[in-house]
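Me: Walk me through this one in short steps. I will ask, you reason.

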Amino acid sequence: MARRTVRLTYCAVLVGACVWLFTHPQDTGRYLLAHPVLIGCLGAPWVLAGGWWLMTRKVFDPAGRGVKPFRLMFREWARLLLREDSRRWRWSLWLLFVAAVWTSTRSRTIIGAAAPMAAWAALAWVRGAVVARPRRARVAVMYATAAGILKYTAHFKPRKDRPAMGPWTHIRVRAWRPGGVPAAVRVVYPTGLNVTDAGLRRTLLDEWNYKVCPPSADDPGLRWHASWDGRGYVDLTPFVPADPEDVRWQGLVLPTWSLFLMGRDLDTGRWVEFDVNTESPHLLVAGQTRSGKSSAMESIAAQAAARGWELQIGDFKTHWLRWNGRVGLVEPVASLDLEDPEQSPVFAIRDLLERADAEVQSRKLELGRHGVVRFTNLPSGKVFVPRLVIIDEFLALVAKEKGKDPRIRERNAARDQILSISQRLAVEAAAMGVFLMLGIQRPDTEIMGGPLRSQFGGRLACGEMDVVTRRMVLDETRTPALAVTSATGRRIQGRAIFRAAPGLPLTAIQNVWFGDPDAAADLEKYLPRSTETLAGDR
């Protein structure tokens with residue numbers, strides 16, 4: 001608002017002066033000839049403005065030809081004086097300038113206006129030195145960061161017709177924010193590099209965020225958005241991320257049958273959606289203990305149930321037993337038998353997957369009778385209800401035991417069956433309207449081989465992970481950093497990195513969750529128990 005007021009004042013003064021000059025040309029000429037010092041005072045800013053224009057249009061070249069560092073500093077100081085008046089310097093400079101003009105109208109010698117004009121020039125020089133030096137240091141950091149990641153020395157080799165490289169040739173700051181933070185930056189991008197390299201682009205942004213403009217008192221959470229035009233330039237603009245810390249579900253369900261809310265983007269604060277129909281039919285959720293993995297899976301299951309989906313749940317532990325009797329559950333949760341704790345849940349989960357596989361085969365026959373490939377193409381009279389099969393703690397479920405005891409061999413045989421059925425469902429079930437969601441702590445290749453893991457295009461990496469585990473979960477060599485602590489050092493639960501399908505960008509999100517520590521209150525509110533109690537819940 002202050003900058004707009006100053007600009008309007010400039011325009012009003014300029015228009016008024018022009019009107020007066022045109023209406024009183026003879027008086028204006030006689031007055032100026034009688035006060036030559038006033039001509040010098042009024043002409044000094046115009047001389048500087050012309051010099052700034054000359055340095056901008058004729059000498060300074062963003063492509064990197066014929067620019068010298070001292071010329072760049074002159075251009076920077078001229079711009080500071082004429083265009084970027086901050087509130088700290090503006091009134092001092094204007095008061096000195098007005099004092100010089102007023103003194104020149106009262107005296108015909110230069111001595112009267114010399115003192116305020118000298119003070120004005122000295123203050124302008126001090127301002128240029130104070131403001132431009134940290135800006136120049138910031139530009140040097142930008143250049144060092146870009147030169148290392150974008151390999152300037154390999155792609156911009158010195159030649160006779162090309163001057164030496166430097167910040168003044170490859171970094172152009174179009175505007176500055178208060179506090180010495182650039183408001184818009186253009187970086188030269190070597191055309192020899194592939195602009196579609198997602199890993200390189202992500203690395204440049206990460207380095208730019210944490211080296212060029214680290215968090216400070218002025219900008220505690222500043223991040224950057226990059227626009228790659230493919231013509232040899234990268235335009236970078238800063239923004240303050242939304243950084244949500246608590247995203248509640250509150251019964252929100254999207255109208256499309258295949259869309260799920262995963263959480264909110266940490267940068268923009270917008271909802272991040274996952275479409276099992278157009279992106280990836282199956283989802284792999286990975287995370288260590290207390291990373292928010294089970295809470296994220298429960299929120300997805302609740303959205304499916306609230307939309308009218310059928311649910312089948314297998315849990316190696318007892319976390320999901322409170323789902324028994326809820327809306328959408330077609331059978332009791334396959335988990336630890338509380339009446340017979342010695343009985344391993346491996347057999348119950350194997351039987352659940354066999355029933356899910358039998359449902360898939362039945363639907364496949366029905367699709368064949370109608371001559372369609374996907375369940376969404378069935379005629380209106382015959383509709384299959386989408387079904388979500390959830391298996392939590394998959395690593396503990398299929399990890400084989402060692403020993404020659406017959407019971408151990410029986411459990412290991414059941415684990416082999418679970419892996420075989422899971423792989424078959426991952427390949428065939430989506431076309432029949434049956435979708436999978438697996439929860440696992442670490443998707444090791446010994447446990448979850450390539451043929452099975454490749455079918456789970458949707459990936460959700462929850463909480464803190466080491467670099468190797470995160471690469472294993474997301475199938476990416478370069479993954480973005482995930483901030484799991486607040487500015488006060490408090491640990492934030494529910495942070496995750498989400499990928500909707502192979503080839504799509506990775507997004508840091510705050511997972512949606514119920515909000516209640518044990519989810520009991522929200523389960524009763526949004527998914528009450530059905531009036532007909534299931535047999536396994538009696």
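What follows is a set of questions and replies on helices, sheet, cores and an annotated site.

Me: What are the ground rules for this model?
Reply: Residues are numbered from 1 along each chain as its sequence is written, and side-chain values use heavy atoms, with hydrogens and water left out. The model is predicted: local features need pLDDT of at least 70, side-chain atom pairs count only at pLDDT 80 or more, and totals for chains, interfaces and linings use all residues.

Me: Is Ala 426 buried or exposed?
Reply: Ala 426 is part of helix α13, residues 406-428. Helices (H or I, at least four residues) and strands (E, at least two) are DSSP runs, numbered from the N terminus. Buried means under 20% relative accessible area, exposed over 50%, and partly exposed in between (1.4 Å probe, protein chains only). The relative accessible area of Ala 426 is 3%, so Ala 426 is buried.

Me: Which residues does Ala 426 contact, leaving aside neighbours within four places in sequence?
Reply: Contact means heavy atoms within 4.5 Å. With those neighbours left aside, the partners of Ala 426 are His 282, Leu 436, Leu 452, Gln 455 and Phe 456.

Me: Is Arg 407 buried or exposed?
Reply: Arg 407 also sits in helix α13. Its C-alpha is 10.0 Å from that of Ser 344, 63 residues apart in sequence. The relative accessible area of Arg 407 is 58%, so this residue is exposed.

Me: Why do β1 and β3 each have one side without a neighbour in the sheet?
Reply: The open sheet has four strands in the order β1-β2-β4-β3, paired antiparallel. Two strands pair if DSSP finds at least two bridges between them. β1 (171-177) and β3 (223-228) each have a single partner strand, because they stand at the edges.

Me: Which residue in β4 stands opposite Arg 186?
Reply: Strand β2 (residues 181-188) and strand β4 (residues 233-239) run antiparallel and are joined by four bridges. Opposite Arg 186, in β4, is Asp 235.

Me: Which helix gives the largest share of the largest nonpolar core?
Reply: A nonpolar core is a set of buried Ala, Val, Leu, Ile, Met, Phe, Trp, Tyr and Cys residues joined through side-chain atoms within 4.5 Å. The largest one has 84 residues, and Phe 394 is among those that touch the most other members. Eight residues, the largest share, come from helix α11 (residues 345-370).

Me: How many residues are in the second core?
Reply: This core is separate. Its members include Phe 156, Val 173, Leu 200 and Val 234. The count is 28 residues.

Me: Is Ser 294, in the annotated binding site, buried or exposed?
Reply: The unreviewed UniProt entry marks a "binding site" that includes Thr 289 and Ser 294; UniProt positions are in the numbering used here, feature names are shortened, and annotations may be inferred rather than shown by experiment. Thr 289 lies in the loop between β8 (283-287) and α10 (293-306), and at 60% relative accessibility it counts as exposed. Ser 294 is in helix α10. Its relative accessibility is 17%, so Ser 294 counts as buried.

Me: Which elements do the buried residues of α15 pack against?
Reply: Helix α15 spans residues 467-474, and its buried residues are Thr 469, Arg 470, Met 472, Val 473 and Leu 474. They pack against β8, α14 (450-453), β12 (458-462) and β13 (495-499).
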